[in-house]
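Biologist: Please choose one part of this model, look at it closely with me, and then lead me from there to other places in the chain. I am in my first year, so please explain each term when you use it.

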Amino acid sequence: MTALAELDEATLVSRARDRDPAAFELLVRRYQRRIYTLCLRMLNGANGDAEDLTQETFVTAWRRLPEIQNDAAFGGWLYRTATNKCLTVLQRRRPTVDLDDHHPPADVDSDPARTAGTSAAMSALSEALRQLPPQQRACWLLREVHGRSYQEIADLVGTTPTAVRGRIARARAELAEVMKPWR
């Protein structure tokens, strides 16, 4: 598998399309954490749902590999698939109150006051993200957390780069307002 690990993404996609399970396993390893993180944040910290949708995304990828026209565009296609699955789940959900808030990982810091402040700020940001409309949240996460370009995000969510810029601007404004006390 070491020889496979050195192959570029397009070659791995091509080999996976030819039903090489080792090549597909490497693609999963390369993207699994990023896709899971996207799903987790899109779904407001719902671990089980994020795990399920990550798995569904890769099952869909395995089944639909023959449909991918550009092997080098696999990553973008994977993000689009995960984003669409998350948006579908969010549209079907009824608004509920989370009983278990998202707990950020414990920060190893010698200053308890600083750790508490950081933890509180992260909780406030998580709550503010939960309040954003799903389309705004998706655009903001894809840009700010996953570093995607406006064009990539537009392709992923099925809109124009101008609409993406607007959604991100509105999300940033709302998040900045909520986060004022933490500056």
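Modeller: Let us start at threonine 81, which is buried because its relative accessible area is 11%; buried means under 20%, exposed means over 50%, and partly exposed lies in between, with a 1.4 Å probe and protein chains only. Please keep in mind that this is a predicted model, in which local features need pLDDT of at least 70 and side-chain atom pairs count only at pLDDT 80 or more, while totals for chains, interfaces and linings use all residues. Residues are numbered from 1 along each chain as its sequence is written, and side-chain values use heavy atoms, with hydrogens and water left out.

Threonine 81 belongs to helix α5, and the helix names follow DSSP runs numbered from the N terminus (H or I, at least four residues, for helices; E, at least two, for strands). Leaving aside residues up to four places away in sequence, threonine 81 touches Thr57 and Thr60, where contact means heavy atoms within 4.5 Å.

Helix α5 also carries an aromatic partner. Rings of Phe, Tyr and Trp (its six-membered ring) pair if their centres lie within 6.5 Å, and planes under 30 degrees apart are called stacked, those over 60 edge-to-face and the rest tilted. By this rule the count comes to 3 aromatic pairs. One of them joins tyrosine 31 and phenylalanine 74, edge-to-face, with 5.9 Å from centre to centre and 70° between the planes. This pair links distant parts of the chain, since tyrosine 31 sits in helix α3 (residues 21-42) and phenylalanine 74 in helix α5 (residues 74-92), 43 residues apart. Both tyrosine 31 and phenylalanine 74 are buried, and together with Trp77 they form one aromatic cluster.

From the aromatic rings we can move on to charges. Side chains of opposite charge can pair when their charged atoms come close. Here a salt bridge is a side-chain nitrogen of Lys or Arg within 4 Å of a carboxyl oxygen of Asp or Glu, and a search of the whole structure finds 6 of them. In one of these, the side chains of arginine 17 and aspartate 71 meet at 2.3 Å, N to O. Arginine 17 lies in helix α2 and aspartate 71 in the loop between α4 (47-64) and α5, so that this pair, 54 residues apart, links distant parts of the chain. Arginine 17 counts as partly exposed because its relative accessible area is 22%, whereas aspartate 71 counts as buried because its value is 17%. Another salt bridge joins glutamate 67 and arginine 64, whose closest N and O atoms are 2.9 Å apart; glutamate 67 is partly exposed at 47% relative accessibility, and arginine 64 is partly exposed at 36%.

Arginine 17 brings us to helix α2 (residues 9-17), in which Glu9, Leu12, Val13 and Ala16 are buried. These four cover an arc of only 100° around the axis, which puts them on the same side of α2; the arc is that of the directions from the helix axis to the C-beta atoms. Further on, in the loop between α2 and α3, we find arginine 19, whose phi is near 70°, a positive value in a residue other than glycine. Arginine 19 is partly exposed, with a relative accessible area of 37%.

Our last stop is tyrosine 150, in helix α8 (residues 150-157), which counts as buried because its relative accessibility is 18%. Setting aside residues up to four places away in sequence, tyrosine 150 touches Arg143, Pro161, Val164, Arg165, Ile168 and Arg172. The C-alpha atoms of tyrosine 150 and valine 164 are separated by 6.4 Å, although the two residues are 14 places apart along the chain. Two of the contacting arginines also bring a charge to the ring: the charged end of arginine 143 sits over it, 4.3 Å from the ring centre, and the charged end of arginine 165 sits over it at 4.4 Å. A charge sits over a ring if NZ of Lys or CZ of Arg is within 6 Å of the ring centre and within 35 degrees of the ring normal.
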